[in-house]
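Work through the exercises below with the coordinates at hand, and try each task before reading its solution.

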Amino acid sequence: MGRRWDVLVVGGGNAALCAAIAARRDGASVLVLEMAPRFYRGGNTRHTRNMRCAHDTATDTLTGPYTEDEFWDDLKRVTQGHTDEELARFMIAQSKDMLGWITEQGVRFQPSLGGTLSLGRTNSFFLGGGRSMLNALYQTAERLGVEVLYDAEVVDLDIADGFFLGAQVKHGGQRHMVRAGALVAAAGGFEANIDWLKEYWGPPAENFLIRGTPYNRGTMLRMLLDKGVKPVGDPTQCHAVAIDARAPKFDGGIITRLDCVVFGIVMNNKAERFYDEGEDFWPKRYAIWGRLVAQQPDQIAYIVFDAKSLTSFMPSLYPPISAATPEELAGKLGLDPQAFAATVANFNASIVPGGSFDHTVLDDCRTEGLTPPKTHWARPIDTAPFYAYPVRPGITFTYLGVRVDREARMQMADGSAAANMFAAGEIMAGNVLGRGYAAGIGMTIGSVFGRCAGTGAARSVRN
């Protein structure tokens, strides 16, 4: 660490590796500092499985075109307009080239999984999942001459008037000053920092489960904001989904997510429904359920369904809780049996006979006279055995971050642009994601702005 590097990349996930590869291919010497041990490298990328990119035609792994306008419409809908349109449209346009570029770095794709995902046309799935994708990027980076240091935590930054000079790094029980011509911050959000989450969510944050790495504690983000980088995003907004309540506190990943909301009803611990389970297709609405559950008493809820739906979705790592009757199931969940059975009975009675049930379209199987309604995919919960999954809010990443421009260059609080500091991935995702989420967009943000950041950092060194 005694030498001076052209580009210092802080972070070890998809965004960091894309930045490191792009900078190295542009001729820069690159050092990557990964806070985690080698086995846990890669941040939340380890748990992903696909990315959403615009494309004009079907491919070997995609079933049809996904235009830039359609991508923009989907993003605008899930964020409810809370996005920087210029940066969002730039990201979408750049994403069209990303699938080819990622493949050139050794990443391979496979056809989409089926079930409720409905992503075969829009999202490209990594062959072998996120860990395999990461391994390919690391292999390419190291072959190109990128140096990677694990168990390396940045504890201070030397920044003067928006110009990065160096980083103090804790490694091997000692502190070192690493000098570099440019900085790329790709170290994630602060979702693993429960105390920071409690500043905005209060005591309920104690009941949140963190889907990804325990190393995303926001130390890099905090330092940058303290050093005068302009913030972006609402600190209470995040990518949060409903995950199995039996998952570990950290690092449960994709295997604890539940995709079965559309097949049943969701109750809180008072045995009351609280939202429309059939509002829209799962990839566009699944990320609202973490926040919805977070707003319920004790931050707990239960997805309830019957034998008809058991094999219709990707199961959790943990088996569902089952019983012969709704009352018995309520008892196993610790809920009031009479209230639970009444909620199921009222739901069943409100269903309007429609056409055939089809979770691949917005069918006309709905309720009438029920509050809240279920607008699609409503069918009676009447076939034993009856099942339930307990769920809690599963936080993937937070949206408070640093403001950037189209080059991924950080913007300073005084209105100036940083001379040689860039950001990519979750640490700047709030520029695009003001709220809400759609499957695969996090990887798109990381890849597109990672490549931009690496190229921009290398260029700034040359200039």
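**Exercise 1. Find which residue stands opposite Tyr302 of strand S14, and describe the strands that flank S14.**

Solution. The residue opposite Tyr302 in S14 is Met267. The model is a predicted one, in which local features need pLDDT of at least 70 and side-chain atom pairs count only at pLDDT 80 or more, while totals for chains, interfaces and linings use all residues. Residues are numbered from 1 along each chain as its sequence is written, and side-chain values use heavy atoms, with hydrogens and water left out.

Next, take the pairing, for which DSSP must find at least two bridges between two strands; helices (H or I, at least four residues) and strands (E, at least two) are DSSP runs numbered from the N terminus. Strand S13 (265-268) pairs with S14 in the antiparallel sense over four bridges. S14 is also joined to S18 by six bridges, and these two strands run antiparallel; here the bridge partner of Ile303 is Tyr389 in S18.

Then look at the side chains. In a regular strand they alternate between the two faces of the sheet. Ala301, Ile303 and Phe305 point one way from S14, whereas Tyr302, Val304 and Asp306 point the other way. Six of the six residues of S14 are buried (under 20% relative accessible area, with exposed meaning over 50% and partly exposed in between, using a 1.4 Å probe and protein chains only), so S14 is largely enclosed by the rest of the structure.

**Exercise 2. Determine the strand order of the open sheet that contains S5, and state what packs on that sheet.**

Solution. Three strands form the open sheet, in the order S3-S5-S4, with antiparallel pairing. Strand S3 (50-52) and strand S4 (109-110) are the edge strands, each with a single partner, so one side of each lacks a neighbour in the sheet. Helix H11 (residues 441-462) packs on this sheet and touches S3 and S5 (contact means heavy atoms within 4.5 Å). The direction of H11 makes about 75 degrees with that of S3, where axes are lines fitted to C-alpha atoms, for helices over the stretch in contact, and angles run from 0 to 180 degrees between N-to-C directions.

Now consider the central pairing in detail. S4 and strand S5 (residues 123-126) are joined by two bridges, and Gln110 has Phe125 in S5 as its bridge partner. Ser124, also in S5, counts as buried because its relative accessibility is 3%. Leaving aside neighbours within four places in sequence, the contacts of Ser124 are Arg49, Asn50, Met51, Leu62, Leu99 and Phe109.

**Exercise 3. Compare the end-to-end span of helix H3 with its expected value, and locate its kink.**

Solution. The expected span is 1.5 Å times one less than the number of residues. For the 20 residues of H3 (residues 85-104) this gives 28 Å, and the end C-alpha atoms are 29 Å apart, which agrees. Even so, H3 has a kink of about 45 degrees centred on Asp97, the bend at a residue being the angle between axes fitted to the seven residues ending there and the seven starting there.

Finally, inspect the ends and the buried side. At the start of H3, a side-chain oxygen of Asp84 comes within 3.1 Å of the backbone nitrogen of Glu86. After H3 comes Gly106, whose phi is positive, near 100 degrees. The buried residues of H3 include Phe90, Met91, Met98, Leu99 and Trp101.

**Exercise 4. Identify where Pro372, Pro385, Gln299 and Trp377 lie, and which backbone angle sets each apart.**

Solution. Begin with the general expectation: most residues other than glycine have a negative phi, and most peptide bonds are trans. The bond from Thr371 to Pro372 is cis, with omega near -10 degrees, and the bond from Ala384 to Pro385 is likewise cis, with omega near -5 degrees. Pro372 is in the loop between S17 and strand S18 (386-398), and Pro385 lies in the loop between S17 and S18.

Turning to phi, Trp377 has a positive value of about 60 degrees although it is not a glycine, and its place is in the loop between S17 and S18. Trp377 is buried, with a relative accessible area of 2%. Gln299 has a positive phi near 55 degrees, sits in the loop between helix H8 (289-294) and S14, and is buried at a relative accessible area of 8%.

Conventions
A polar contact is a pair of N or O atoms within 3.5 Å; within protein, one must be able to donate a hydrogen and the other to accept it, and residues adjacent in sequence count only if both atoms are side-chain atoms.
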